[in-house]
Amino acid sequence: MSGELPLHINIKEPRWDQSTFTGRAKHFFTVTDPRNLLLSSKTLEEARRVVEDYRMGKVSPGLTEDQLWQAKYIYDSAFHPDTGEKMILIGRMSAQVPMNMTITGCMLTFYRTTPAVLFWQWVNQSFNAIVNYTNRSGDAPITVNQLGTAYISATTGAVVTALGLKSLTKHLPPIIGRYVPFAAVAAANCINIPLMRQRELKFGIPILDENGNRLGESKKAAQQAIMQVVVSRIGMAAPAMAIPPVIMHALEKRAFLKRYPWMNAPLQVGLVGLCLVFATPLCCALFPQKSSMKVSRLEPELQAQIREKNSSVEVIYFNKGL
């Protein structure tokens, strides 16, 4: 060993206990930190070197445990956990708050006209498609046709939902109309995520034993992973799209916004951003990133295959994606 830091630190797992909500929340507050977007390529590559060297038993002289964990979280913020590839900048979880606060703020501000609804739902689904692809589970590639189908279906679903609800709320109080974007986003998440990850539903995702040994691919695990991500994403959007409309509805009746109407959009974006700073990591923490499932719930043929190899395995693990 070339340094003083011991090699028994398990950096394959997060620093905090992932069996508790508090531990997962601490982990995701670090993962979703928008400041990670400002890191240079040199910093990212240095973090990758430190992490990969440590995994191979090499420790840089003078490296401390805190520095190792910092490198680990920098590495995790930019590189896919299954493929090891550098992720698209706006698809990273650290981009969630700045991107979503802008898009959601604009959806909530410009919801009154049909062209505005169409445009911002299209922007939102384009961003969601990138995020869902970037944070998919597993290491199998997805084809251009699959990407195109998922993108078009999700965008169409969101727009149809938004326009349909908009027409239904014409004769209802204005505050109701403000919630149309959230209903459209929730519906689109139920379409976009499964479609963007349809390959996982068709062929399964990698499942592992407690020691990290690959046992095969499971469609049942993929179904659980995608369901959990859908719930997390809808929960993530709920506070940012439910709380600001109430506040803005009250503020628009006051003299300040009547006198300075141009402040409407910046205020809306700021309120959304404040909600997302907390909602994003807390909703990511609803379910463990390394999800688990009993062998008895897997496909029958996969159960037989696992028991043939190792009859003592009762629980399998998999990366649910984000």
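**Entry 1: an acidic and a basic side chain**

I started with Asp33 and Arg35, whose side chains meet in a salt bridge, 2.7 Å from N to O. I should jot down that this is a predicted model. Is Asp33 buried or exposed? I looked up its relative accessibility, and at 17% Asp33 counts as buried, because the cut-off for buried is under 20%. Its partner Arg35 has 61% and counts as exposed, since exposed means over 50%. So this salt bridge joins a buried residue to an exposed one. Note to self on the chemistry: side chains of opposite charge can pair when their charged atoms come close.

**Entry 2: helix H2**

Next I went to helix H2, residues 41–55. Which residue does Glu45 form a salt bridge with? I found Arg48, with the closest N and O atoms 3.2 Å apart. Both sit in H2, 3 residues apart, and I noted that this is about one turn of the helix. Glu45 is partly exposed at 34%, and Arg48 is partly exposed too, at 21%.

Then I checked Arg49 and Glu46, whose side chains meet in a salt bridge at 2.5 Å, N to O. These two are also 3 residues apart in H2, so about one helical turn separates them. Arg49 comes out at 35% relative accessible area, partly exposed, and Glu46 at 38%, again partly exposed.

I followed this pair further and found a network of salt bridges that links Glu46, Arg49, Asp53 and Lys58. How many salt bridges are there by this rule? I got a count of 10.

**Entry 3: the cavity**

I switched to empty space. The structure holds 1 cavity of 30 Å³ or more, and the largest cavity has about 170 Å³ of space in it. Which elements give two or more residues to its lining? I wrote down helices H4 (96–109), H5 (114–134), H8 (180–196) and H10 (219–251). The lining has 15 residues, and Asn100, Asn128, Val185, Arg233 and Ala237 lie nearest the centre. Sorting the lining gave me 8 nonpolar, 6 polar and 1 charged.

**Entry 4: what the record says**

Last, I looked at UniProt. Its unreviewed entry places "transmembrane region" at residues 225–247 and 267–287. I checked both spans in the model. Residues 225–247 are 100% helix and 0% strand, with end C-alpha atoms 35 Å apart. For residues 267–287 I noted 86% helix and 0% strand, with the end C-alpha atoms 32 Å apart.

Note on methods
Residues numbered from 1 in each chain as written. Predicted model: local features only at pLDDT ≥ 70, side-chain atom pairs only at ≥ 80, totals over all residues. Heavy atoms only, no water. UniProt positions renumbered as here; feature names shortened; annotations may be inferred. Helix = DSSP H or I, 4+ residues; strand = E, 2+ residues; numbered from the N terminus. 1 Å grid on protein atoms, 1.4 Å probe; cavity = no way out; pocket = protein on both sides within 12 Å on 5 of 7 lines; lining within 4 Å. Points joined across faces, edges and corners; volume = space filled by probe spheres on them. Nonpolar A, V, L, I, M, F, W, Y, C, P; charged D, E, K, R; others polar. Salt bridge = Lys/Arg side-chain N within 4 Å of Asp/Glu carboxyl O. Buried < 20%, exposed > 50% of the residue type's maximum accessible area, 1.4 Å probe, protein only.
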